[in-house]
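Visitor: Hi, can you walk me through this one? I'm new to reading structures.
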Amino acid sequence: GRGELGILGCPPGRGKTETLINFAVSALHEGRTVLYLSVADQGKNELVPRVDTCILEEPWSPFFTEDDLQKRHARAIQRIDGKLLVADYTDRECSIDDINRVLRMIPDLDLVIVDHADDVLSPYSSDPTVTRHSLRVVYMTLKKLSVKYNVPIWTASQTSEMSWWFDAASISDLAEAKVGKASGASIILVFS
């Protein structure tokens, strides 16, 4: 809901980004405005074809030409009533201040996705002695930003390596700053 932070946690390569894309596409089908901040893995040129695939429910091929991708994108846009805005930070650092600035610039957002908040810098990120507290600051600040801008924010976090080979996972398996992440969130979905 508005003013709430949600966290999706699971091991690497298990579908965190795909789940966030599905959240975004569901909101787009409902005519909502979605801001997708890509912080770690997927740049805009990779993210948009994945969003289009989800909207069109058709697989895409790495052999598609740029013209093929543009045609698919045009068809995908016709199928949604909402608006997707992408802020691509995959080629540079992204700080809490950057996220605040983008949220301040874009009014009336219905959903914000920060993929993936573990790579967002806090004022303490450069000090290795407080790395865990740095992540706690990021998650607590995202919660405050969701309240300040009255928008739901979803993010994804890797679970710790210790949990990757178990059949079950929990909040305590979130990598680093477990308490900080959990205390700021309204809902946490953890998958093993």
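Guide: We can take the sheet, then the pockets, then a few single residues.

Guide: One thing up front: this is a predicted model.

Visitor: Okay. In what order do the strands of the open sheet come?
Guide: The order is S3-S2-S4-S5-S1-S6. That is six strands, and the pairing is parallel.

Visitor: What holds strands of a sheet together?
Guide: Strands pair through backbone hydrogen bonds. The pairing can be parallel or antiparallel.

Visitor: Which strands stand at the edges?
Guide: S3 and S6 do, with S6 covering residues 187-190. Each has a single partner strand, so one side of each is left without a neighbour in the sheet.

Visitor: How much twist is there from one strand to the next?
Guide: The average is 15°.

Visitor: Back to S3. How many bridges does it share with S2?
Guide: Six, in the parallel sense. S2 spans residues 33-38. For one pair to find on screen, take Val 34, whose bridge partner in S3 is Leu 84.

Visitor: And S1? Which strands does it pair with?
Guide: S1 runs parallel to S5, residues 153-158, and six bridges join them. S1 also runs parallel to S6, through four bridges.

Visitor: Which residues stand opposite each other there?
Guide: Leu 8 stands opposite Ala 156 in S5. Gly 6 stands opposite Ile 187 in S6.

Visitor: Is S1 mostly covered or uncovered?
Guide: Mostly covered. S1 is residues 5-10, and six of its six residues are buried. Leu 5, Ile 7 and Gly 9 are buried on one side. Gly 6, Leu 8 and Cys 10 are buried on the other.

Visitor: New topic: pockets. What volume does the largest pocket have?
Guide: About 200 Å³. It has 14 lining residues, and the closest to its centre are His 73, Ile 77, Ile 80, Lys 83 and Leu 84. You have met Leu 84 already, as the bridge partner of Val 34.

Visitor: Which element gives the most to that lining?
Guide: H2 does, with five residues. Helix H2 (44-56), helix H3 (66-78) and strand S3 (83-88) each supply at least two.

Visitor: How does the lining of the largest pocket divide by residue type?
Guide: Nine residues are nonpolar, two are polar and three are charged.

Visitor: What about the second largest pocket, what volume does it have?
Guide: About 170 Å³. Of its 15 lining residues, Pro 12, Gly 13, Lys 16, Thr 17 and Asp 41 are the closest to the centre. Helix H1, residues 16-29, gives the most to this lining, with three residues.

Visitor: And how does that lining divide?
Guide: Two nonpolar, six polar and seven charged.

Visitor: Back to H2 for a second. Is Ile 55 buried or exposed?
Guide: Ile 55 is found in helix H2. It counts as buried because its relative accessibility is 6%, and the cut-off for buried is under 20%.

Visitor: How far is Ile 55 from His 73?
Guide: Along the chain, they are 18 residues apart. Their C-alpha atoms are separated by 9.5 Å.

Visitor: Last one, cysteines. How many disulfides are there?
Guide: Zero, on a rule that asks for two cysteine sulfur atoms within 2.5 Å.

Visitor: Are Cys 54 and Cys 94 buried or exposed?
Guide: Both count as buried. Cys 54 has 15% relative accessibility. For Cys 94, the relative accessible area is 1%.

Notes
Residues are numbered from 1 along each chain as its sequence is written. This is a predicted model: local features need pLDDT of at least 70, side-chain atom pairs count only at pLDDT 80 or more; totals for chains, interfaces and linings use all residues. Side-chain values use heavy atoms; hydrogens and water are left out. Buried means under 20% relative accessible area, exposed over 50%, partly exposed in between (1.4 Å probe, protein chains only). On a 1 Å grid over the protein atoms alone, a cavity is a set of points where a 1.4 Å probe fits but cannot get out, and a pocket is an open set with protein on both sides within 12 Å along at least five of seven lines; lining residues have an atom within 4 Å of a point. Grid points are joined across faces, edges and corners, and a volume is the space filled by probe spheres set on the points. Ala, Val, Leu, Ile, Met, Phe, Trp, Tyr, Cys and Pro count as nonpolar, Asp, Glu, Lys and Arg as charged, and the others, Gly among them, as polar. Two strands pair if DSSP finds at least two bridges between them. Axes are lines fitted to C-alpha atoms, for helices over the stretch in contact, and angles run from 0 to 180 degrees between N-to-C directions.
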